[in-house]
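New to this one? Take a moment with the picture below before reading on.

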Amino acid sequence: MVLVVCGIILIAVNIIILSVTSKNRNSSNSTGRIGITLVAPFQEVAAHLLRFAEDIWNQYFFLVSVAEENADLKRALSRAIEKNNQCKEISLSNIRLRKLLNFQKKIANKFLSAEVIGKDPSPWFKSIIIDKGQYDGVKKGLPVVIPEGIAGQVIDVSAHYSKVLLIIDQNSAVDVMIQRTRARGIIKGESKGQCLLKYVLRKHDIRVGDVVVSSGLDGVFPKGLRVGYVSGVIRRNAGIFQEVTVNPYIDFEKLEEVLVILNPPKHVFVSKQ
Amino acid sequence: MRYCFYIFPCLFLVILQSTIIPYFGFLDNSYDLLTPFIIYLGLYCSVGESLPILILLGFIMDNLSTGPLGLYITAYFWLFVGVKWIIKFLHVGNIFLLPIVMVSGIIIETSIFLGTFATLDPGFHISESIINTVLSHLFWAVCTGPFFIIIYRFSHKKWNKWFHERFAERGREYGE
């Protein structure tokens, strides 16, 4: 009888502790950094050893398809040069039009490159550990991107390492919009590396293949960064929202290097007198 | 010194799980490799010896993961309690029963995780991909878990033997 009562009390205490810690997950606490500080140096060594072994394999043993790949890359480069030229033209016209409309100049982003040294040990959560921390200028809440699109957000920082919550995690949420129709929604992580675009009104025309970009309204990610493309749309007969599935552009399984934006846009709400 | 046996394999398993295995994408859906270790502690080690180790392990895993702080400590604690309860009915010396213990362990751990998600997030539902993940964990656990437990047991015996011999020799030297 005593054992059963003790068991029930233990379970109750356990549930209370878990609900308290889950609510305070976003607040900074030093206890959460102890594990990272202890384990991350070993993870860094292991990651470097793996990359060293991979480099040796790629550079010395795996040269069979290099000539073929070289030809492909040359073709891709010539296409990229052409596209770059077009982009320069668009950029110049954009500057002219902004001047005409008296728009504020966008501040150029300051990036810090970081290497991924570890991933979340649990299959139920999606996060990574990077080799840059407080001493490198990383702060909690900074956005993390790669050229393909948005990767996630810094959620915990220790002296030399940081934990990044990926956009495919179920606890992640990013304010986004469909590039073609400008329909807004919140993108949330879903299992199996996909995302769900929530709160998109049924009236908006959304098609498979539409590009999803950040809206910049969450105050975390700069506007216009690519997130993914629409892979499925379900419009039910009832309800005011439609169910939209989004496939991220980033292959999170192969994430090795990321960029931390050190000066993300900040919304300052000042009332004009 | 006795805890060195536990700390080094644990650190290796954490690195293996968080850095080495994710590097090889095809192994990404493997189960929590610390589960066989916790089951081993439950099967063959005393409560006093195991509790500090499983709390330390749970704490490190909680720190590395984005889940609520205490989730892994909870999972490992109840997994340990569950194994201690199971061995009242099963003969632990029989290695053919280890797959059953492994399956029970994975079910206990997964239930705690999913139960926590369901409690904390009202919108949580068990999707097809979650069922597939759990089935894949069970498959890998049955195939590899018993071998991990056997290796731990063998290494622990060897370590204890080496440790006792070394210290007995030193004791004799000092005695002389």
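What follows is a short tour of a barrel and of the place where two chains meet.

## What you're looking at

Keep in mind that this is a predicted model. The tour covers chain A first and then its contact with chain B.

## The barrel in chain A

In chain A, 6 strands close up into a barrel, and going round you meet them in the order E1-E2-E5-E4-E3-E12. The pairing is antiparallel. On average, neighbouring strands of this sheet are turned by 45° against each other, if you ignore direction. In general, strands of a sheet pair through backbone hydrogen bonds, in either a parallel or an antiparallel way.

For a closer look, pick out strand E2 (residues 127-130) and strand E5 (residues 162-166) of chain A, which run antiparallel and are joined by 4 bridges. One pair to find by eye is A:Ile130, whose bridge partner in E5(A) is A:Ser162.

## Where the chains meet

How many residues does each chain bring to the contact? Chain A gives 45 residues and chain B gives 41 residues. Together they bury about 3,600 Å², with 68% of that on carbon and sulfur atoms. On chain B's side, B:Tyr23, B:Leu64 and B:Thr66 supply 20% of the area that chain B buries against chain A, more than any other three residues.

As for polar links, there are 9 residue pairs in polar contact between the chains, but 0 salt bridges across the interface.

## Chain B's side

Several helices of chain B each supply at least two residues to the side touching chain A, among them H3 (47-64) and H6 (128-175). The largest share, 9 residues, comes from H1(B). Sorted by class, this side of chain B has 23 nonpolar, 16 polar and 2 charged residues.

Definitions and conventions. Residues numbered from 1 in each chain as written. Chains lettered and ligands numbered in written order. Predicted model: local features only at pLDDT ≥ 70, side-chain atom pairs only at ≥ 80, totals over all residues. Heavy atoms only, no water. Pairing = 2+ DSSP bridges. Axes fitted to C-alpha atoms, helices over the stretch in contact; angles between N-to-C directions. Contact = heavy atoms within 4.5 Å. Buried area = accessible area lost by both parts, 1.4 Å probe. Salt bridge = Lys/Arg side-chain N within 4 Å of Asp/Glu carboxyl O. Polar contact = N/O pair within 3.5 Å; in protein donor to acceptor, adjacent residues only side chain to side chain. Nonpolar A, V, L, I, M, F, W, Y, C, P; charged D, E, K, R; others polar.
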